[in-house]
Amino acid sequence: MQLLNRKYLFSFSCKMRFSKLFYSQLLKLMFYSVLFFVCRQKSKMNVGVAHSEVNPNTRVMNSRGIWLTYALGVGMLHIVLLSIPFFTVPVVWTLTNVIHNFGMYVFMHAVKGTPFETPDQGKARLLTHWEQLDYGVQFTSSRKFFTISPIILYFLASFYTKYDTAHFVINTASLLSVLIPKLPQLHGVRIFGINKY
Amino acid sequence: MVHLFMNPFEKRITNSFEEAPMYVAVLTYMGYGIVILFGYFRDFLRAVGFEKCHQAQEREEQKDFVPLYQDFENFYKRNLYTRVRDNWNRPICSLPGPVFDIMERVSDDYNWTFRLTGRTIENVINMGSYNYLGFAENNVDFLKTVAEETRQYGVGVCSTRQELGNLSIHEKLERLVAEFLGVESAMAFGMGFATNSMNIPALVGKGCLILSDELNHTSLILGARLSGATIRVFKHNNMQSLEKMLKETICSGQPRTHRAWKKILIMVEGIYSMEGSLVRLPEILVLKKKYKAYLYLDEAHSIGAVGPTGRGVTEHFGVDPNEVDVLMGTFTKSFGAAGGYIAGKKELVDYLRSHSHSAVYATAMSPPVVEQIIRAIKCIMGVDGTTEGQRRVRQLAENTRYLRSRLKEMGFIIYGNQDSPVVPLLLYLPGKVGAFSRAMLKRKIGVVVVGFPATPITEARARFCVSAAHTREMLDKVLQSLDELGDYIKVKFSRHRSSYRPELYDETDFELDS
């Protein structure tokens with residue numbers, strides 16, 4: 001009789017303990033998740049730097065004179081290509097468009113992370129430069145500028161190639177390859193897991 | 001546009017951050033672009049095997065594991081910093097006074113490794129040390145009291161202030177600091193960084209608001225982060241930004257509950273060490289009173305360095321130091337010692353004595369260091385019977401004004417306030433940064449240069465720290481070298497150059513009465 005009682009008590013208390021444990025864990029989980037969302041801090045410790053900017057990469061495209069430098073760089077590329085005697089003007093424009101879009105794709109949408117160590121423990125390591133701009137805020141002025149500039153180049157290239165079919169196909173494909181990653185819906189998206197890590 | 005006629009008060013409060021012409025910014029980006037492209041090229045060569053890789057690499061057995069470090073994160077260090085690495089961490093073999101000796105080192109493999117040649121470059125003028133009043137010296141008479149106190153108290157305390165480490169010399173120091181600053185009470189700590197990072201959590205906590213300047217030092221940022229308060233950053237020295245932020249945060253309250261804030265603390269520094277700008281203290285005091293906030297003033301660089309008698313920015317602006325709620329400073333820069341202090345009302349400091357992390361866990365200050373600070377403060381105050389302290393403060397002010405005005409005349413772009421002993425000279429282009437530092441060392445002048453990412457990408461600079469121990473001849477030598485070098489490297493970008501006319505009337509150009 002006594003043995004049975006003890007066994008019964010033991011199994012009953014086990015069950016009680018298990019449910020208590022479960023509820024306590026659930027409560028802890030809720031508490032910590034609430035704490036996490038409430039206590040997210042925005043400022044970091046920047047050793048050895050003179051500003052409180054965590055990731056300088058986010059501000060580079062807003063700096064003074066960089067849009068002008070970029071435009072001059074594209075102009076320089078165009079002039080260099082124009083000075084090669086073999087290429088006709090339509091070919092040069094298509095080449096400018098394609099090389100510019102290729103360069104933009106590589107540096108803004110393929111290369112991930114920062115070229116220097118940041119004090120935020122690698123939050124930006126898996127983000128491309130485009131995704132890092134302005135800490136992910138969409139539709140800022142530099143984002144708009146860098147979206148519009150390949151479109152302008154595309155217009156110019158289409159005009160100067162006289163809307164020839166082959167050139168059109170190449171230019172359009174190149175433009176799409178550099179416009180689609182800029183869509184806000186594709187922020188952080190990696191298709192087929194390419195370039196994920 | 002340029003405000004040509006400023007009244008003396010405006011001159012004391014304005015900081016100038018002149019912008020270089022646009023072509024300089026374009027050239028800077030092109031410079032970085034070229035170096036980045038070459039960096040990619042060199043990385044490719046290293047990966048293929050044409051070029052020897054000098055950096056540490058993972059072993060063959062570890063190649064299948066997840067890499068410890070990302071290659072790309074060290075891109076900047078590998079391809080930009082290493083090329084100009086010989087301008088930093090130069091070994092010296094004398095004390096860092098106004099002149100010092102540098103051990104000569106050369107690199108055979110483009111700065112990947114260095115070797116000392118055994119020679120010493122002697123009497124290099126030191127324009128980089130924070131030696132504002134020249135107390136980094138080895139003068140026997142001045143250090144006699146330090147030696148006596150060391151014999152009496154020992155070298156270390158090995159205990160915290162709250163346990164066994166509270167010596168009478170500590171209390172003497174704290175009374176002296178309070179008297180020096182003109183406040184009720186003060187408390188001293190062993191480390192300047194720790195003064196900020198350990199005491200801000202004791203003053204503010206969750207439910208409080210911290211408004212900190214954009215360019216605040218790491219110690220302030222760390223202290224703010226450790227405290228758990230909400231932090232908002234306002235634009236550097238910008239009173240409109242601060243007022244707007246005060247209005248917004250007071251109206252909206254705490255982040256989720258929208259309750260009133262428990263405390264609002266505005267954190268600013270006296271002199272910002274990278275810009276050389278002075279805080280706009282009178283305006284901040286007006287805002288503070290209007291919105292009922294507290295002010296935390298970090299005078300790490302400005303104590304002893306500004307003000308007619310070296311009492312800091314409060315004296316410089318003619319403001320009563322009791323109006324600032326928490327006065328913080330360090331003994332590292334102007335006093336030639338180590339440590340920091342917090343001063344203010346007696347209730348505040350008594351609270352900190354029991355609640356500060358430093359008081360409970362950190363070792364108390366070492367007695368020789370304390371005595372050095374005591375004798376430095378006594379020297380500045382004139383209590384030791386000499387006018388040496390006042391001479392030094394005045395010499396520093398003179399040197400500052402002289403250096404700044406001459407540099408401005410020559411056409412360099414200098415940031416900051418006309419009275420701040422920190423003089424950043426803008427170089428902008430990454431190539432010029434390396435060239436400048438090396439050329440100055442060849443001329444036997446040691447300078448500190450800083451570039452991206454420690455500064456914004458277009459604003460690489462050389463920073464001069466004027467010292468009271470610099471003589472007029474040293475400054476003249478520095479200025480002459482800067483003049484020649486500035487023309488050679490072409491860093492004289494200022495468009496507000498005032499012409500250097502030594503005489504009002506040129507005697508050789510008069511009309512003969514005929």
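Which are the buried residues of helix 7 of chain B? They are T218(B), S219(B), L220(B), I221(B), L222(B), G223(B), A224(B) and S227(B), and the close-ups start there. The model is a predicted one, with local features needing pLDDT of at least 70 and side-chain atom pairs pLDDT 80 or more, while totals for chains, interfaces and linings use all residues. Residues count from 1 along each chain as its sequence is written, chains are lettered from A and ligands numbered from 1 in the order written, and side-chain values use heavy atoms, without hydrogens or water.

**View 1. Helix 7 of chain B, wrapped up by its neighbours.** Helix 7 runs over residues 218–227 of chain B, and because 8 of its 10 residues are buried, it is largely enclosed by the rest of the structure. Here buried means under 20% relative accessible area, exposed means over 50%, and partly exposed is in between (1.4 Å probe, protein chains only). Helices (H or I, at least four residues) and strands (E, at least two) are DSSP runs numbered from the N terminus. What do the buried residues of helix 7 of chain B pack against? One helix-to-helix partner is helix 6 (192–203). The rest of the packing is against strand 4 (209–213), strand 5 (230–234), strand 6 (264–269) and strand 7 (294–298), also of chain B. Look just past helix 7 and you meet G228(B), with a positive phi near 90°.

**View 2. I342(B) in strand 9.** I342(B) sits in strand 9 of chain B, residues 340–344. Is I342(B) buried or exposed? It is buried, at a relative accessible area of 0%. Contact here means heavy atoms within 4.5 Å. With neighbours within four places in sequence set aside, I342(B) has contacts to S185(B), A186(B), M187(B) and F189(B), and also to T195(B) and N199(B). The list carries on with Y296(B), V326(B), L327(B), M328(B), V349(B) and L352(B). For a sense of scale, take Y110(B): its C-alpha is 46 Å from that of I342(B), with the two positions 232 residues apart in sequence.

**View 3. K288(B), a buried lysine in helix 9.** Helix 9 of chain B covers residues 281–291 and includes K288(B). With 9% relative accessibility, K288(B) counts as buried. What does K288(B) touch beyond residues up to four places away in sequence? The partners are A293(B), Y294(B) and L295(B), together with E323(B) and D325(B).

**View 4. E371(B) in helix 13, with a partner from far along the chain.** E371(B) belongs to helix 13 of chain B, residues 367–381. Its relative accessible area is 5%, so E371(B) is buried. Not counting neighbours within four places in sequence, E371(B) is in contact with T145(B), V146(B), E149(B) and I169(B). T150(B) is 221 residues away along the chain, yet its C-alpha is 8.4 Å from that of E371(B).

**View 5. The annotated spans of chain B.** UniProt, in an unreviewed entry, places a "transmembrane region" at residues 20–41 of chain B. UniProt positions follow the numbering used here, feature names are shortened, and annotations may be inferred rather than shown by experiment. In the model, residues 20–41 of chain B are 91% helix and 0% strand, with end C-alpha atoms 31 Å apart. The record (again unreviewed) also lists "domain: Aminotransferase class I/classII large" for residues 123–482 of chain B. That span is 42% helix and 16% strand, and its end C-alpha atoms lie 18 Å apart. Overall, chain B has 16 helices and 13 strands, and 53% of its 514 residues count as buried. Of the chain B contacts between residues at least 6 apart in sequence, 71% join residues at least 24 apart.

**View 6. Chain A, helices without strands.** Chain A has 7 helices and 0 strands, which reads as α-α-α-α-α-α-α along the sequence. Which residues of chain A does the "transmembrane region" annotation cover? In an unreviewed UniProt entry, it covers residues 21–38 and 67–95. Zoom in on residues 67–95 of chain A: they are 79% helix and 0% strand, and the end C-alpha atoms are 21 Å apart. Of the 197 residues of chain A, 34% count as buried. Among chain A contacts between residues at least 6 apart in sequence, 66% link residues at least 24 apart.
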